[in-house]
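User: I'd like to understand the labels people put on structures like this one. Can we go through a few of them together?

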Amino acid sequence: MKKLLVLLIAVVFGGQMYGQTYNTFEPSKTQFMIRGYGHTGFEYMDSGDETESTFLGLAYAPIFLYKHSDRLMFEAELEFVLEGNQLETGLEYADVMYVLNKNITARAGKFLLPFGTFMERLHPAWINRLPNAPLGYGHDGIAPSSGIGVELRGAFDLGGPTLNYSVYATNGPRLNDGSDEPEEAGILRFENYEDTNLAKAYGGRLGLLPFSDSSTEIGFSAYSTSDTGEQDSEYEDVGAFLFALDFSFVKQISGLGGVVDVKAQYNNSNVDTATYFEIVDGIEEEYSFDNQSNSFYGQLSYRPTMASSDFVKKLEFVGRYSDFNAPEGAEWEEKSVQYAFGLNYWLSWRSVVKLSYQTTETEGGHDGDGLTNTDGLFVHWAIGF
Amino acid sequence: MKTIYKTVIGVIVMTIVGITAVACSSTKKGYTDVPDTATAAAKEEFKIEKSGAQMWGETCNRCHIAPSPADYNDTDWETISLHMRVRANLTENESKKIEEFLKSAN
């Protein structure tokens, strides 16, 4: 009898405990998601006298999304990459956002900057149609990719067309004044997580989607700061003004049997003229140059989504032109032009195998004064999850 | 040069603030008022006709290939919709309608 009672109690309480632990009927109000992406590949590069080929270690970028309510949310992205035999980690972004009203959302923290659209919207490996970024982006690029600060953004319904905006204040860039790396004197560094001066960078982007089918967007971005140098140094009040123009067109066109996707962005950077020093034959010499750089890319891709064959439907053809011009007279003076062609196969909406051939002509640059032609063959596989 | 770009920035900031002020001052009532003329009625009808499904097809393809409703459950769609609303700078109407569609079709 006693045994039966114990058994009964165990069943009743156990059942309740089980029910409370695994109660899946009520969704929780707060939500936490881990998403992200990874990519790997093989590259073969030939620059005339030098050839190299390598498999790439997998890059893995987990993304954490925490939604506290319909208005409050947190997002963060970590990045793990193998550089040599070292694991490099990075914090791509980590910011909180709060929807103030239907037209204004506030963000604070480290966020991707809406300077043009490439870095904020198109650079993740599972979104970018080619294995790498166009000229002008990345480590030696002229477009800022993220910033630490605050931002207001939002969109307006104009009864068909829509308008979107963002305005922000961030710590701003740091000028490489050449004291540590004379060959990089005059370059703006945007990875400036602790401000070196009191001036902040202010910027914003205005985007207009003129047609009610949202197929087309044109955008104008600006980014300005009065000081980029170290506080109390002679470079402190070297200011900078950057602007970008971007264009996007995506539409399924029945006459062409598929989706046509056009993307373009022009970046222009203008840093106030300053005097830098170089050592020539053991003697320190002053020099100065007009510190203006620009870059452009235009990309056209086509997916035959209306084809009858399941295989053909998943193909994509891409072509991209990009160029980059760094100031004449700088140690890093450069003129580069790149053509990239690609054939992609979409395994799913977030997983793609990319095959690409690229040819780049570089005049000058960090590696010397001559003309270099580099041909590259890339096979990449990106997956988002 | 410096004064030129400061002016440019000033103008942009003022335009944005101006637009924001105008948009925020229009009350919600203005949207829901029953239109009394034929043209207004037609306009209203046109607005209603644009479904969440159509908006999903047009909007979610702009940057990446659009996910299909079955890819995520309702709870996930809520998080993703808020994330995309902010990241892609979508209007409240677009993100609400698309979210409703995705949740109804998964």
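**Reading the labels**

Analyst: Sure! Keep in mind that this is a predicted model. Let's start with A:S295: leaving aside neighbours within four places in sequence, A:S295 is in contact with A:L135, A:G136, A:I142, A:Q265, A:Y266, A:N267, A:D323 and A:F324. You'll find A:S295 in strand 16 of chain A, residues 292-303.

User: Why does A:S295 count as buried?

Analyst: Buried means under 20% relative accessible area. A:S295 has 0% relative accessibility, so A:S295 counts as buried.

User: What makes B:R87 and A:E75 a salt bridge?

Analyst: The cut-off is a Lys or Arg side-chain nitrogen within 4 Å of an Asp or Glu carboxyl oxygen. Here the closest N and O atoms are 3.4 Å apart, so the pair fits the label. The count between chain B and chain A is three salt bridges, and there are also 14 residue pairs in polar contact, both at pLDDT 80 or more.

User: Which helix of chain B gives the most to the side that touches chain A?

Analyst: That's helix 5, with ten residues. By class, this side of chain B has 19 nonpolar, ten polar and eleven charged residues.

User: How much area is buried between the two chains, and how many residues does each one bring to the contact?

Analyst: About 4,500 Å² is buried between chain B and chain A, with carbon and sulfur atoms giving 62% of that. Chain B brings 40 residues to the contact and chain A brings 61. In chain B, the residues losing the most area to chain A are B:R62, B:I65 and B:R87, together 17% of what that side buries.

Methods:
Residues are numbered from 1 along each chain as its sequence is written. Chains are lettered from A and ligands numbered from 1 in the order in which they are written. This is a predicted model: local features need pLDDT of at least 70, side-chain atom pairs count only at pLDDT 80 or more; totals for chains, interfaces and linings use all residues. Side-chain values use heavy atoms; hydrogens and water are left out. Contact means heavy atoms within 4.5 Å. Buried area is the accessible area (1.4 Å probe) that two parts lose on being put together, summed over both. A polar contact is a pair of N or O atoms within 3.5 Å; within protein, one must be able to donate a hydrogen and the other to accept it, and residues adjacent in sequence count only if both atoms are side-chain atoms. Helices (H or I, at least four residues) and strands (E, at least two) are DSSP runs, numbered from the N terminus. Ala, Val, Leu, Ile, Met, Phe, Trp, Tyr, Cys and Pro count as nonpolar, Asp, Glu, Lys and Arg as charged, and the others, Gly among them, as polar. Buried means under 20% relative accessible area, exposed over 50%, partly exposed in between (1.4 Å probe, protein chains only).
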